[in-house]
Amino acid sequence: MLNHPSPPTRQCLLLSLFLLVCGWNKAACSFGEGRKVWQQPKPDPISKDQSFLHGSFPSGFLWGSGTSAFQTEGAWDQEGKGPSIWDHFTHSPVSGNLTTDTADVASDSYTHWEEDLEALEYLGVRSYSFSLSWPRIFPDGNARGQPNTAAVEHYGRLIERLLEKKIEPIVTLYHWDLPQVLQEDYGGWRNDTVVGLFEEYAAFCFRTFGSRVRYWLTMHNPYLVAVQGYGTGVHAPGEAGGPANSLIVAHNLIRAHAKAWHTYNTHFRPAQKGKVSIVLGSHWVEPQRGQATDANVELCQQSIEAVLGWFANPIFGHGDYPVSLKIKHGALLPTFSPEEKLWVQTTADFFALSFGPNNLRLGRGLVHYGQTVTPDLRRILGWIKLEYGDPKVLVAEGGWFSEASEGKEDTVAIYLMKRFINQVLQAVRFDGVQVFGYSAWSLVDGFEWNYGFTVRRGLFYIDFSQPNRTRTPKTSAQYYRRVVTDNGFPSDETARELKGRFPCDFHWGIADSTLQVHFYPFSPQFTDPHLYSWNLTGDGSLRPVPGVMMHTRRAQCTDYLAIRGHLRLFVSTGASHYRFALNWSLILPQGNLSNVNTEALRYYRCVLTELKKLDLKAVVILYHPTKRVPNLGLPGPLHASGGWLNSSTVEAFQEYAALCYQQLGSWVPYWITINEPNRLVDVYSSGEERHQAAHNLLLAHGKAWRLYEREHSSQQSALVSLALHADWAEPANPFLDSHTAAAQRFLLFELGRFLDPLLGSRYEEKHSKGDYPQEMKAYLEERSRVMGLPGSPLPNFTETEREELRGTLSFIALNHFTTRLVSPYPHTQANFQQKQPPDHDCLTLSDPTWLSSRQGQALVPWGLRKILNWVNQRYGRALPIIVTASGVDDQAPVEDKLRQHFLRRYLQEAFKARQLDGVNLQGFYVWELQDRHVPQFGLFTSARHQSKAKASITVYRKIITHGGFPGDNTTQTCRFSDLHEPCSLCAWMFKNKAMLVFGGCLLITAVMLAGLVIFVIVTKRNQTKGRGRGVNRRMRRRRRRREGVPVCSCPPVKR
């Protein structure tokens, strides 16, 4: 091991005393407990604020941004600057660079530093983290010589102006730009001499700038220097020396940092009163499949120790490398002497963390046995607290990268920034981590090391092809500015719970897809003519008696055992309305009336009659298309002839609807002709096919609606509609008008395409109703013109078709599940080559801070309220709106917490839409009743899992019983009743129903006892009287015999 001067004896004694105190009070110091992060249950994202926390950071939080000298300064050979290893590396024909770019000019911050200050003012931050260029201040790397006056004056001016603007300078001594001469003369950081030279360089900087700088960072992310620079050669100086090289370099970097800290602590701290630390980078890793076994936890701990612990353990821990590194590297790993351990230990006044793409990329190579690298800043902050005794923490580098093609519209960067910063807030509020600052990386676009200019990390955009290097705020800068101004994420006032009840006639429903027809199991009790004998041979079997046949009856609905079992589950939920679909291909296998499956119709009729007996309402879908079934749910011949691209399917659907209305209409109060036609059209490959299919689906609905109105409405009085998939579309980037326009366009293509021809809109002239939205038509025409196409792909309605479509909705049925972020489709050559863009030219994405299910469905309750308001505003309040399906997949077998959360929050937003926004909402249907196989959307487990009720049923039933969210938590008294005049006697009886039942039982008991007593008395009296009459009768007969009176007088017999 390379030697260095021994530390002063007094400092060793103080450090020994500190360790002794920590040994006595282990709980207070709490070192080495990082494993608890994995061992403890992960924060439950369903509980309040755990997925996203609305709140503020502590007062005085140090918001900032940062840059590094080599990446942004440029002026690589101007005003006396010497070359750095990165200058040499990027100019070398053989290097690890992925591009041929150089940083000769880069962002030109050496010249445009004042514009950088203006950028900081725009953001409103309180700190600026930047690095000094060692080869600019000392071109030969030797601080014993004369410094470059121009460089010293430049950094002095920068610090002075920052302080004038009340921006705290956070100065890094070394951010990877080692003077090239030190690499050539000594081999760079492999040589102990450079450690001493760094100490002298640090002392000069402390002496020259220290009176104006409170926060110093000795070096930035030494892990990447050691591994990428000297191990793999991907970074400068490009040495591929393997692990042995990296271990020596890391050892020297730790010693160089310690020397600089001790220099400041001994010679400058008393006067300058600043703080010194080192920026350490890390990734984060979760165990295999989230299973926190001891073995998995140990693997995770070793993964973090291999990166962060490599440097943090000697400095913040016990002064030595982690045991796992010693085992892994053995004799290759340099050692610290006992004196060095005490000398290196605690050489940082706070913990500075770098958390970004560079470490996370490398972290993927350090995981084994199914571990997962995740960008979870909260978890690594919690680990630091537990592992190193709750230090104060500065997030010195937080951020991600964007593709260069994104320019100023870096939408994804906004959501990653939102996620990182909110994770920091959660770490502060929930985990007690002492984070005192956050630096968004980086301030301006710059040279991104081996990626050159192909990726961007700046908050401010720079066009590197323009000599003036103008700084333009990206949308991520606008977002960060808002966060800084708000000091976090203000509370969402709309999230407060509203108390009250839904009306008595509100639909509390459950929605299913196509109802499965189960003819078996079937009760043969009255349909089998045989007489059976049982157990004649002792084997417990039934055997028919030969020659004996019994009378039978026709099968009845109660014989279908599956119906009873299915409806028993439904009734237990407390819901009042059941939405299910018929199977078109089962009822009409040929697609026409030539072959009608009367047994299937009879089965559906039995379901409907049983529902009616239970006083439950049916909502029946005629056609429920899905990709999971053959032919998209169409009868085979219709699908073979083109399906919805063929107009004959429209006529076939009308014929099918007529049959269903005739056979089942007496028991159906609500019909839905087609479920989610806007999802069905997605299966078609070209835009023309999608438009034609949508056109025919609309015509099919219109014909089915008119048919019902004409032939069945007067007798059956049902309401008829079609159901649309209606997810809310939120502009992905709130700072761009193009995203707002894209979101509106998305909704028009999703909903307006189907609703406008039926209802028109409040913004259209009356004569234009019965047609597609004007905005949609205009957009497609312009799009066709730009693309050089002959005309719009949108079909035209004839005047007869328009007239037939107008007004063909009795209510608006919406299936709502989630919210999507929508942005314009990027029209690049690569995108066009990959696939044809959608007709609406929109991309959808999701906010990573949103709570989401295993299948990726985001839970965004406020999106339901927004889509209801959009429909309400566009189409008015005349027609009622019913949410005919809404739910979330939950993998929990019984304790489905995610679904419970979904029901409470989504129904609360539905209630707000009705009560606060005036939306004419009349129903909400939960999707779905029962799982088919594995746990997903069902309120009950699948039949193979014994159809167990999940915990969410209790939540839904409670909301139904209360009629919503009453302040007094009482039961709603008008359950299942139509709207009537309030009955005070009924209300009193309902309120005192327990007492009435008890009193009724007492009364019945008393009556029965009284009846029994009367019966006994009358019986005894009758018996007494009967015995008296019998005695008198016998005495009279004896008297007559004695007197010779014949007992019976008979007429004389004639001879």
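**View 1. Y532 in this predicted model is partly exposed.** Its relative accessibility comes to 37%, and since buried means under 20% and exposed means over 50%, Y532 counts as partly exposed. You'll find Y532 in strand β19, which covers residues 530–534. On the surface, Y532 teams up with W534 and L542 in a nonpolar patch. Together, these three residues offer about 370 Å² of accessible area.

**View 2. A disulfide joins C557 and C606.** A disulfide is a covalent bond between the sulfur atoms of two cysteines. Here the sulfur atoms of C557 and C606 sit 2.1 Å apart. The pair ties together distant parts of the chain, 49 residues apart: C557 lies in the loop between β20 (542–549) and α20 (561–572), while C606 belongs to helix α22 (residues 598–613). Which way does the S-S bond of C557 and C606 twist, left-handed or right-handed? The torsion about that bond is about -75°, so this disulfide is left-handed. Both cysteines are buried, and the disulfide count for the model comes to one.

**View 3. C205 and C300 are two more cysteines to look at, and C205 is buried.** The relative accessibility of C205 is 0%, so C205 counts as buried. C300 is buried as well, with a relative accessible area of 0%.

**View 4. T475 is a buried residue in helix α19.** This helix runs over residues 475–486. T475 has just 2% relative accessibility, so it counts as buried. Its side chain makes a polar contact with the side chain of D410, at 2.8 Å. Leaving out residues up to four places away in sequence, T475 touches several others, including K408, E409, T411, I414, N733, F735 and L736.

Technical notes: Residues are numbered from 1 along each chain as its sequence is written. This is a predicted model: local features need pLDDT of at least 70, side-chain atom pairs count only at pLDDT 80 or more; totals for chains, interfaces and linings use all residues. Side-chain values use heavy atoms; hydrogens and water are left out. Helices (H or I, at least four residues) and strands (E, at least two) are DSSP runs, numbered from the N terminus. Buried means under 20% relative accessible area, exposed over 50%, partly exposed in between (1.4 Å probe, protein chains only). A polar contact is a pair of N or O atoms within 3.5 Å; within protein, one must be able to donate a hydrogen and the other to accept it, and residues adjacent in sequence count only if both atoms are side-chain atoms. Contact means heavy atoms within 4.5 Å. Patches are made of residues with over 30% relative accessible area and no salt bridge: like charges are joined within 9 Å, nonpolar side chains (Val, Leu, Ile, Met, Phe, Trp, Tyr) within 5 Å. Accessible areas come from the Shrake-Rupley method with a 1.4 Å probe; for residues, only the protein chains shown count as cover. A salt bridge is a side-chain nitrogen of Lys or Arg within 4 Å of a carboxyl oxygen of Asp or Glu. A disulfide is a pair of cysteine sulfur atoms within 2.5 Å.
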